[in-house]
Each structure stands twice: as C-alpha cells, then as structure tokens.
Amino acid sequence: MNASLAQQDRVLNGALACVARVGLGKTTLDDVAREAGCARATVYRCFPGKQALFTAVLRRELDVLGARAIDAASATDSLAEAIVAVMLAGADTFHSHAALGFVVEHEQEILAPQLSFERGSAVLRGAAALIAPAFTRFVEPARAERLGEWVARLTLSYLLNPSEHVRLDDAERVRALVVDYVLPGVTQSVRSFESVTAVAATAFEGDSA
C-alpha cells in the first residue's frame, strides 16, 4: 500500500529536523523514523532509501522557495522590483533554513558536489523553472526562464561567497545590484535582438524587391 501524502510530509519534516540537528552525513533512516514518530518500515514505504528521501526533501524545499519568490514578486509593478523581491526571498529562505544552514556551515564536502558541474546545473535549472513565473508579466516565458537561471546563479553565488559590496539581506544593496548590473543586461539584450531583427527584416524586404 502506498504511503499517504500526510505520512510523506511527516517523514520529510522529520528528515529536515534531523539534518538541522546533526547534518546529512549523520542522519540515518532510523533517526528520521524516530523524529517523524513512525516505524522505519513507514519511511521505506514513503521513500525507498536515503538518497530518494533527501532528493524529495530538496524538491519540496525548492517548491517552497519558488512559491515564496513568486508570491513576493506578485506584489511588485516592475521587472527590476520583481527581481529584487525574488533575490530577497531567496536570501531570507537561505538564512532562516536551519537544515540548509547546518549543511552550509558544517558539510561543505557534501554540498559542493551537489552544486558543481552537471548536478549543480540541474539544481539551478530546476530553481530557474520555479521562479520564472515571477517574471512572465514583464518578459516572454523563454526569456523569463533564462532570467530565472541567471538570478538563481547570482543569488546562490553571493550567498555562498558573501561580498562586502553586496549584501542580500539589505534591500537597497540588492536593488542597486539589480538596477546597475542585472536589468541593463536584460534590457540591452532585448534591444539588441530587436535591432538585429529589424536589420534582417529590412534586408529581406530589399532582397524580395
């Protein structure tokens, strides 16, 4: 019999609590079962192993982050402010997430491979797809997803490697970063595309005449 969604959520919550306390490496399925108040067999009915469990944890937490980012962006009325809202939501989630905080602080050897090369790109693409709807009021969907990946990469970079010039818990500094560097890249690329398209259209008309 399949586990219910309520059981799965209880197991996921138990896993997060364990990771916040002792980290990914030391968390066992027995620990998760005790924390979730269920039998080990229930954990296995929900997830076939530790890897599957923590993959599900990551997916759920990314979904939560995406929902928070979109909700924050929905209260804005410009692309720049939507980007700022998404970055601030991401930073707030990062700093307030106890399990993630433990892993970042104490388990870099586990975290680094997940954010490098193909694995890292997959995580960032997933995050991009989740936050892209925050920008579709202002740009077309394909460009929104590319912007989402850029914002996700930029945010994660500054969170994992803080800079004295850019603090993602400071709305004004985030706004300055977006206005000075992010937004020009977006708008310039749009103008460049429109310019190239116009030139191509003119040339085509000339060849047709």
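Is R40 buried, partly exposed or exposed? With a relative accessibility of 37%, R40 counts as partly exposed, where partly exposed is the range between buried, under 20% relative accessible area, and exposed, over 50%, using a 1.4 Å probe and protein chains only. The structure is a predicted model, in which local features need pLDDT of at least 70 and side-chain atom pairs count only at pLDDT 80 or more, while totals for chains, interfaces and linings use all residues. Residues are numbered from 1 along each chain as its sequence is written, and side-chain values use heavy atoms, with hydrogens and water left out.

The side chain of R40 meets that of D30 in a salt bridge, with 2.9 Å from N to O; a salt bridge here is a side-chain nitrogen of Lys or Arg within 4 Å of a carboxyl oxygen of Asp or Glu. Because R40 lies in helix α3 and D30 in helix α2, the pair ties together parts that are ten residues apart in sequence. Helices are DSSP runs of H or I with at least four residues, strands are runs of E with at least two, and both are numbered from the N terminus. D30 is itself partly exposed, with a relative accessible area of 34%.

Other residues of helix α2, which covers residues 29–36, are buried, namely L29, D31, V32, A33 and A36. The cover over these buried residues includes α1 (5–22), α3 (40–46) and α4 (50–74). Just after α2, G37 takes a positive phi of about 70 degrees.

The cysteines can be considered next. The count of disulfides comes to zero, a disulfide being a pair of cysteine sulfur atoms within 2.5 Å. C38 is in no disulfide, and the nearest cysteine sulfur, that of C46, is 6.8 Å away. C38 counts as buried at 18% relative accessibility, and C18 also counts as buried, at 1%.

From here the path leads to the largest nonpolar core, which has 55 residues, and in which L53, I83, M87 and F135 touch the most other members. Such a core is a set of buried Ala, Val, Leu, Ile, Met, Phe, Trp, Tyr and Cys residues joined through side-chain atoms within 4.5 Å. The largest share of this core, nine residues, comes from helix α5 (residues 79–96). Not counting residues up to four places away in sequence, F135 touches L79, A82, I83, V86, A144, L147, G148 and V151, where contact means heavy atoms within 4.5 Å.

Several of these partners of F135, including A144, L147, G148 and V151, are also among the buried residues of α9, a list that further holds R143, A152, L154, T155 and L159. Helix α9 runs over residues 141–160, and at 1.5 Å a residue its 20 residues should span 28 Å, which agrees with the 28 Å between its end C-alpha atoms; the expected span is 1.5 Å times one less than the number of residues.

Helix α5 also holds T93, which counts as buried at 15% relative accessibility. A polar atom of the T93 side chain lies 2.9 Å from the backbone oxygen of A89. Leaving aside neighbours within four places in sequence, T93 is in contact with L65 and R68.

Helix α10 (residues 171–208) is the place of L183. Although L183 and I83 are 100 residues apart in sequence, their C-alpha atoms are 8.7 Å apart in space. With neighbours within four places in sequence left aside, L183 is in contact with L79, A80 and V178.

The structure holds twelve salt bridges, and one of them joins E172 to R175, the closest N and O atoms being 2.7 Å apart. Because E172 and R175 are three residues apart in helix α10, they are separated by about one helical turn. An α-helix has 3.6 residues a turn, so residues three or four places apart point the same way. E172 is exposed, with a relative accessible area of 54%, whereas R175 counts as partly exposed at 24%. Elsewhere, D9, R60 and E61 are joined into one network by salt bridges that share partners.

A further salt bridge brings together the side chains of D170 and R173, at 3.8 Å from N to O. D170 counts as partly exposed at 25% relative accessibility, and R173 counts as partly exposed at 33%.

Definitions and conventions:
A polar contact is a pair of N or O atoms within 3.5 Å; within protein, one must be able to donate a hydrogen and the other to accept it, and residues adjacent in sequence count only if both atoms are side-chain atoms.
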